[in-house]
Amino acid sequence: AGGETITTTATYTITEADILRQAFTNTVTAKVGDVEDTCTVTVIKPIENISVTSIIADEETDITSYAMAKGAEQTLKVKVTPEDASGADQVNWQVLTDPGEDSDVVSVKQNSSDPTETVITALKTGTAKVKVTVGEQVDGINNVVTREIEINVTNLVTGVTLQDGEGNTESTVEVGSTVQLSAAFSPEGADAPASIVWTSEKPDM
């Protein structure tokens, strides 16, 4: 009858051949006479897991936290499983900042040629969280995985200088007298170690 709307349904079945093709896009067409319409069916390969590694001397170790010295730089890399997952190339690195927290402890600079890598620079002492996000939303499907890494920045001691009460690095004393020595650490403001081991070249003297 004129003006009557007839609704039919069709089922699109993911076949074994589709699975072997992994992620793909297919177009389904419905045609009645000279009238037709199409629907795009997108099948994605989901991200199963991501891990973050610190690249040191070509060694890669999965990490959730990392310690750095102030002023140091380190490259972090995210590994996606499976490697050919949909959205595996959609990577974003960022420093997380909670209200009231210092956002200047570290900085991130994502590698423009390889977004799975970023350079972390330790700017000041403190603790920061770096978040990496991999994947994307596809037609309402949440194919996004995130990971957070805690970065602890300390001002490590790189040098120590012994001096007497007068600030001299060499001291001359009489037999039977004593001299008090102190240890000065560098760089200025470096975190003093919890303990210091003192030794003497000639302990009997």
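A salt bridge is a side-chain nitrogen of Lys or Arg within 4 Å of a carboxyl oxygen of Asp or Glu. The structure holds 4 salt bridges, and one of them joins the side chains of Lys45 and Asp84 at 2.8 Å, N to O.

This is a predicted model, in which local features need pLDDT of at least 70 and side-chain atom pairs count only at pLDDT 80 or more, while totals for chains, interfaces and linings use all residues. Residues are numbered from 1 along each chain as its sequence is written, and side-chain values use heavy atoms, with hydrogens and water left out.

The pLDDT, which is the predictor's confidence in each residue on a scale from 0 to 100, averages 80 over the chain, and 77% of the residues score at least 70. Among the elements, helix 1 (residues 16-20) has the lowest mean pLDDT, 60, and strand 8 (residues 106-110) the highest, 95. Helices (H or I, at least four residues) and strands (E, at least two) are DSSP runs, numbered from the N terminus. Where pLDDT is low, the predicted coordinates should not be read in detail.

Three of the salt bridges are set out here.

| Pair | Distance, N to O |
|---|---|
| Lys45 and Asp84 | 2.8 Å |
| Asp62 and Arg147 | 3.2 Å |
| Asp114 and Lys77 | 3.2 Å |

Asp62 in strand 4 and Arg147 in strand 11 are 85 residues apart, and their pair links distant parts of the chain. Residues are called buried under 20% relative accessible area, exposed over 50%, and partly exposed in between (1.4 Å probe, protein chains only). Arg147 is buried because its relative accessible area is 16%, whereas Asp62, with 49%, is partly exposed.

Asp114 lies in the loop between strand 8 and strand 9 and Lys77 in strand 6, so their salt bridge ties together parts that are 37 residues apart in sequence. Salt bridges that share partners join Lys77, Asp114 and Glu117 into one network.

Thr116, which is also placed in the loop between strand 8 and strand 9, is buried, because its relative accessible area is 14%. Its side chain makes a polar contact (a pair of N or O atoms within 3.5 Å; within protein, one must be able to donate a hydrogen and the other to accept it, and residues adjacent in sequence count only if both atoms are side-chain atoms). One such contact, of 3.0 Å, joins the side chain of Thr116 to that of Lys77, and another, of 2.6 Å, joins the side chain of Thr116 to that of Asp114.
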